[in-house]
Amino acid sequence: MDELMLDGNAIAGLLQEVFAVEMTTAIGTCGRCGAAGPVGAVHVYRGAGIVLRCPHCDNTLAKIVKNDSRVWIDFRGIQTLEVAI
Amino acid sequence: MARTALRGRLTWQLAELVEIVAETPRVKTIVFDVPGWPGHRAGQHVDVRLTAEDGYQAERSYSIASAPDGTRVALTVQRLKDGEVSPYLTDELRPGDKIELRGPIGGYFVWEPAEGGPLMLVAGGSGIVPLMAMIRTRAAAGDDTETRLLYSSRSQDDVIYRDELERLSGNGLTVVHALTDSQPPGWTSYARRVDAEMLAEVAPSPAKQPRFYACGPTPFVEAVTGGLVRLGHDPLAIKTERFGPTGR
């Protein structure tokens with residue numbers, strides 16, 4: 001167990017800043033194991049950037065790096081993202 | 001960022017401190033008036049941003065402690081040793097001071113009376129804060145959803161909202177304390193860390209399909225979720241908010 005692990009809730013503000021909708025209730029499907037679940041329940045690790053991992057298989061779902069004016073998001077570990085609009 | 005009509009776009013706004021309540025030696029509640037506050041749901045949080053004179057900015061998330069109450073928003077903040085933001089919030093801010101915040105944020109770790117129960121809340125230390133918003137929202141609505149709170153603190157002096165929890169008990173709310181480090185004379189409740197045996201005794205049985213909200217330091221939340229799953233509870237019924245190794 002990693003003491004630095006957080007939940008998707010922890011980056012809810014950042015995600016809403018980027019997508020302009022509440023994202024923790026969006027449903028993401030893991031590109032490796034196929035498990036689907038709310039973004040609020042994914043595992044989040046913060047370091048120089050932010051890493052989102054699948055709570056079922058630990059696959060890297062996304063990586064996010066931010067500075068004062070831009071955000072870069074690597075989404076390759078996510079198969080689909082279902083968002084209420 | 002310019003204000004936009006996009007639904008859900010978050011904007012930073014100034015909030016004025018209107019009241020400070022000392023909760024424990026290390027914890028204070030700071031109440032803000034936030035003009036145009038749209039209301040919030042229990043369990044949501046705000047992001048707070050502090051800007052130094054040289055332009056350096058520090059941002060932290062804090063759970064909302066209060067039930068919806070007009071433009072008033074209460075945060076309960078634990079002062080972290082060597083913290084970058086919390087010592088300023090708990091020790092430096094005075095009524096009339098303004099800070100930048102944005103919110104309400106989050107839609108996953110929330111509970112409203114319409115969602116029903118039975119509700120099982122498990123708090124470690126200042127992890128009580130978003131769960132208290134649920135308890136206060138439930139009380140303000142006159143809701144009697146069966147609710148149990150298992151609340152772990154180091155000592156009796158570290159119990160946040162102690163008197164209010166005692167006052168709100170009954171009408172379907174049961175509060176059970178665990179004191180891990182020291183206990184007052186005559187203490188009859190739990191005197192150890194939360195474990196599976198304790199959860200089995202306090203939580204409704206899996207057959208009742210309780211909804212779980214667990215909040216606290218990451219190792220605490222891990223122990224709680226591990227215990228609940230071993231007891232046969234549905235992992236999808238357990239919502240968690242971990243705040244890292246030291247609290248926030």
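Start with chain B and colour it by domain: the assignment gives domain 1 (13-105) and domain 2 (113-242). Keep in mind throughout that this is a predicted model.

**Stop 1: between the two domains of chain B**

Put a centroid on each domain, using C-alpha atoms, and you'll find 24 Å between domain 1 and domain 2 of chain B. The contact draws 13 residues from domain 1 of chain B and 13 residues from domain 2 of chain B. To see the domain 1 side, select strand S1 (13-24) and strand S5 (72-78) of chain B, each of which supplies at least two of the residues touching domain 2. Colour that side by class and you get six nonpolar, six polar and one charged residues.

**Stop 2: the core**

Next, show side chains for the largest nonpolar core, which has 76 residues. Its members that touch the most other members are Leu75(B), Leu121(B), Val122(B), Leu131(B), Tyr213(B) and Val224(B). H2(B) gives the most to this core, with seven residues. Both domains take part: domain 1 (13-105) and domain 2 (113-242) of chain B each put in at least three residues.

Now click on Tyr213(B). Leaving out residues up to four places away in sequence, Tyr213(B) touches Phe109(B), Trp111(B), Leu121(B), Leu131(B), Met134(B) and Lys239(B).

**Stop 3: helix H2 of chain B**

Two of those partners of Tyr213(B), Leu131(B) and Met134(B), are also among the buried residues of H2(B), so select residues 128-140 of chain B, the 13 residues of helix H2. Try the distance tool on the end C-alpha atoms: they are 18 Å apart, and since 1.5 Å a residue also predicts a span of 18 Å, the helix agrees with expectation.

How much of H2(B) is buried? Eleven of its 13 residues are, so the rest of the structure largely encloses H2(B). The buried stretch isn't purely nonpolar in its names, either: alongside residues including Ile128(B), Val129(B) and Pro130(B), you'll find Arg136(B), Thr137(B) and Arg138(B). Step just past the end of H2(B) to Gly142(B), where phi is positive, at about 65°.

**Stop 4: His233 of chain B**

Jump to the loop between helix H5 (218-230) and strand S11 (238-242) of chain B, and pick out His233(B). Is His233(B) buried or exposed? Buried, because 22 other C-beta atoms lie within 10 Å. Ignoring residues up to four places away in sequence, His233(B) touches Pro206(B), Phe212(B), Leu228(B) and Ile238(B). Add Gln209(B) to the selection too: Gln209(B) and His233(B) are 24 residues apart along the chain, with 7.6 Å between their C-alpha atoms.

**Stop 5: chain A**

Switch to chain A and turn on the cartoon. You should count one helix and eight strands, in the order β-α-β-β-β-β-β-β-β from the N terminus. The C-alpha trace spans about 35 × 35 × 20 Å along its principal axes. The radius of gyration of chain A is 12 Å, which agrees with the value near 12 Å for a compact globule of 85 residues. Buried residues account for 33% of those 85. Of the chain A contacts between residues at least 6 apart in sequence, 42% join residues at least 24 apart.

**Stop 6: where the chains meet**

Finally, show both chains and select the contact: 21 residues of chain A against 21 residues of chain B. On the chain A side, strand S1 (6-7) and helix H1 (12-19) each supply at least two residues. H1(A) gives the most, with four residues. Colour this side of chain A by class, and it shows ten nonpolar, seven polar and four charged residues.

Key
Residues are numbered from 1 along each chain as its sequence is written. Chains are lettered from A and ligands numbered from 1 in the order in which they are written. This is a predicted model: local features need pLDDT of at least 70, side-chain atom pairs count only at pLDDT 80 or more; totals for chains, interfaces and linings use all residues. The radius of gyration is taken over C-alpha atoms; the globule rule is 2.2 Å times the number of residues to the power 0.38. A residue is buried if 20 or more other C-beta atoms lie within 10 Å of its own, exposed if 12 or fewer, and partly exposed in between; C-beta atoms are placed from the backbone. Two residues are in contact if their C-beta atoms, placed from the backbone, lie within 7 Å. The expected span of a helix is 1.5 Å times one less than its number of residues. A nonpolar core is a set of buried Ala, Val, Leu, Ile, Met, Phe, Trp, Tyr and Cys residues joined through C-beta atoms within 7 Å. Domain bounds come from an automatic or database domain assignment. Ala, Val, Leu, Ile, Met, Phe, Trp, Tyr, Cys and Pro count as nonpolar, Asp, Glu, Lys and Arg as charged, and the others, Gly among them, as polar.
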